[in-house]
Amino acid sequence: MFDQQLSEHGSSGRATAPAAPQGAPVSGASGGVPGAASAGAAGATGAAGDKGLRGNSVGLLSSVVLGVSTVAPVYCLTATLGPTVTAVGVQMPAVFLAGFLPMLLVAFAYKELNKDFPDCGTSFTWTVKAFGPRVGWMAGWGLTVATIIVLSNLAGVATDFLYLMLGEMTGSGAVADLNDNKAVHLATVVVLIAAATAMSYRGMTATKWFQYSLVGLQLAVLLLFSGIAIAKAAAGDLPHSVGFSASWLNPLEVSSFSAFTAGLSLSIFMYWGWDTCLTMNEETSGSAKTPGRAAMISMVTLVGSYLLVAIAAQMFAGVGTTGTGLGNPDTADNVFAALARPVLGSPWSILLFVAVVASAAASLQTTFIPVARTLLAMSAYRAVPPRFGTVHPRYRTPGFATVAAGFATAAFYVGMSVISENVVQDTILALGLMICFYYALTAFACAWYFRRSLRDSLRDLVVKGIAPLLGGILLSGVFLQTLTDAWDPDYGSGAVFGIGSVFVIGVGILLLGAVLMAVYGVYRPAFFRGETLRKDTPALVVED
């Protein structure tokens, strides 16, 4: 099936598939592609159909807010400022800037692929069309597990700051110390995950203004924090403050390539989530263009915020390993907890705690979008069990996939709490591997998918070919170097049978995916034979 030729411009013969009845659940039990045709017709034509989602319910602004919210900039900063400084020192701003480059190059791939074939399966669907079902299935697996890992971290950080915030509000150290009780901490994490799952189950349109408020709060507090930190550092009366230097923005001054890739892996994690704009493409007005534009706007907003905060925090606290220094191992995984009161003072320090809780809470809800919709698409094309394709008849959301992701997230976090001494750091480092894996596959898929049209114009050559290819190469380099470094037990918080815990987590998850794929391929082989999704499958197009 996959040996047949692409048309001149990829799958240029896009067709508008008929919509499913209003509120109809997607069953998939018959084995067909939902909403497009009968099982037999779907298998014969490979046509993509309406998966039952609520079309034209998301505009450009909503899509941008979803992208920024999923990334959770305040959460990302508090969790990665310390580890990044530990890896690269004062070159932290340079690494944040360097991490933006491969993300930008990959964003071009997403934008072009979405324009040609808007499908909520994104990386999974596009990689299948370029490289076949097995490579595509692994791309979908990489996205799914990356989302579950970051959801678990979000819940953990939200819990940390929730008790810090309550301690600040009540003036009670005992309340803040509740977070140190493992049973209380884990119970709170599970409750937060359950609440976010329930909100996501109801759909994004029901909580649109809630998301707008939380994203606005995050950006406003980051701007306030940065302004005060820079002003206090410039006053010159802080013992550990350092003056700004343009060399901070030069990645060539990082001490070693290994240190650079370690920092870059963390930096790449900080941009993860912008592609949520694309996974909502079947629900977005102007599905072929709006999601790509929203992704670009989200990324520019993020890189500006990260650079400003990184420079401000470094000027204020320095990169020392004691006190409020960003390199202090005791505060590395939660920098804002240490800087809130010194920078903002009391009682305004509570704003930073509120911002982190808001960031994690907002992202907990929106981060269910990519995993649920990826599983929905995989089910629609019969790559996973039909139950994952169930769409709630009232809310028009992938109900079963959302709940399943919630259960998986809670189980993963509890399990990691038992295995690892430092859940946040280890899983963030492993998350970098997952992100590089499926983003790189998607970037390579773009260059290959459009290979016959690259000579049509200079724009096509650069945007569809060179940029995605370069982005894929950069991410592959980070992936391989991180794997090499992660073998060392000192890379993460410990070792499993003498092997670094980060390596075990990252590689173990990928191998588990390969095993599950092989088993499901024997149980239900239609997808793996190319019967449900092929190179020439036309897209469902939501008209502008």
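How much area does the chain expose, and what share of it do carbon and sulfur atoms supply? In this predicted model, the exposed area comes to about 19,300 Å², and carbon and sulfur atoms account for 67% of that figure.

## Overall architecture

Let's begin with the fold as a whole. The chain contains 19 helices and 2 strands. It runs to 544 residues, and 61% of them count as buried.

Sequence separation is worth a look too. Taking the contacts between residues at least 6 apart in sequence, 80% join residues that are at least 24 apart.

## A nonpolar patch on the surface

Leu458, Leu461, Val462 and Ile466 together make a nonpolar surface patch of about 350 Å². One of these residues, isoleucine 466, sits in helix 18, which spans residues 458–486.

Is isoleucine 466 buried, partly exposed or exposed? Its relative accessibility is 45%, so it counts as partly exposed; the exposed class begins over 50%.

## The largest nonpolar core

Turning inward, the largest nonpolar core has 151 residues. Within it, the residues that touch the most other members are Phe96, Trp137, Trp274, Phe336 and Tyr439. Helix 6, residues 133–170, contributes the largest share of this core, with 17 residues.

Tyrosine 439 is a handy place to zoom in. Apart from neighbours within four places in sequence, its contacts are Met103, Val106, Tyr110, Trp272, Gly273, Trp274, Asp275 and Leu475. Trp274 therefore appears both in this contact list and among the core residues that touch the most other members.

## Aromatic rings

The structure holds 20 aromatic pairs. One of them joins tyrosine 520 and tyrosine 523 in an edge-to-face arrangement, with 6.0 Å from centre to centre and 65° between the planes. Both tyrosines belong to helix 19 (residues 501–523), where they are 3 residues apart, about one turn of the helix.

Which of the two is buried, and which is exposed? Tyrosine 520 has a relative accessible area of 9%, so it is buried. Tyrosine 523 has a relative accessible area of 59% and is therefore exposed.

Elsewhere, ring pairs link Tyr110, Trp126, Trp274, Tyr438 and Tyr439 into a cluster. Two members of that cluster, Tyr110 and Trp274, are also listed among the contacts of tyrosine 439.

Definitions and conventions
Residues numbered from 1 in each chain as written. Predicted model: local features only at pLDDT ≥ 70, side-chain atom pairs only at ≥ 80, totals over all residues. Heavy atoms only, no water. Helix = DSSP H or I, 4+ residues; strand = E, 2+ residues; numbered from the N terminus. Buried < 20%, exposed > 50% of the residue type's maximum accessible area, 1.4 Å probe, protein only. Contact = heavy atoms within 4.5 Å. Areas by Shrake-Rupley, 256 points an atom, 1.4 Å probe, with all protein chains shown as cover. Patch = residues over 30% accessible without salt bridge, like charges linked within 9 Å, V, L, I, M, F, W, Y side chains within 5 Å. Salt bridge = Lys/Arg side-chain N within 4 Å of Asp/Glu carboxyl O. Core = buried A, V, L, I, M, F, W, Y, C linked by side-chain atoms within 4.5 Å. Phe/Tyr/Trp six-rings, centres within 6.5 Å; stacked < 30°, edge-to-face > 60°.
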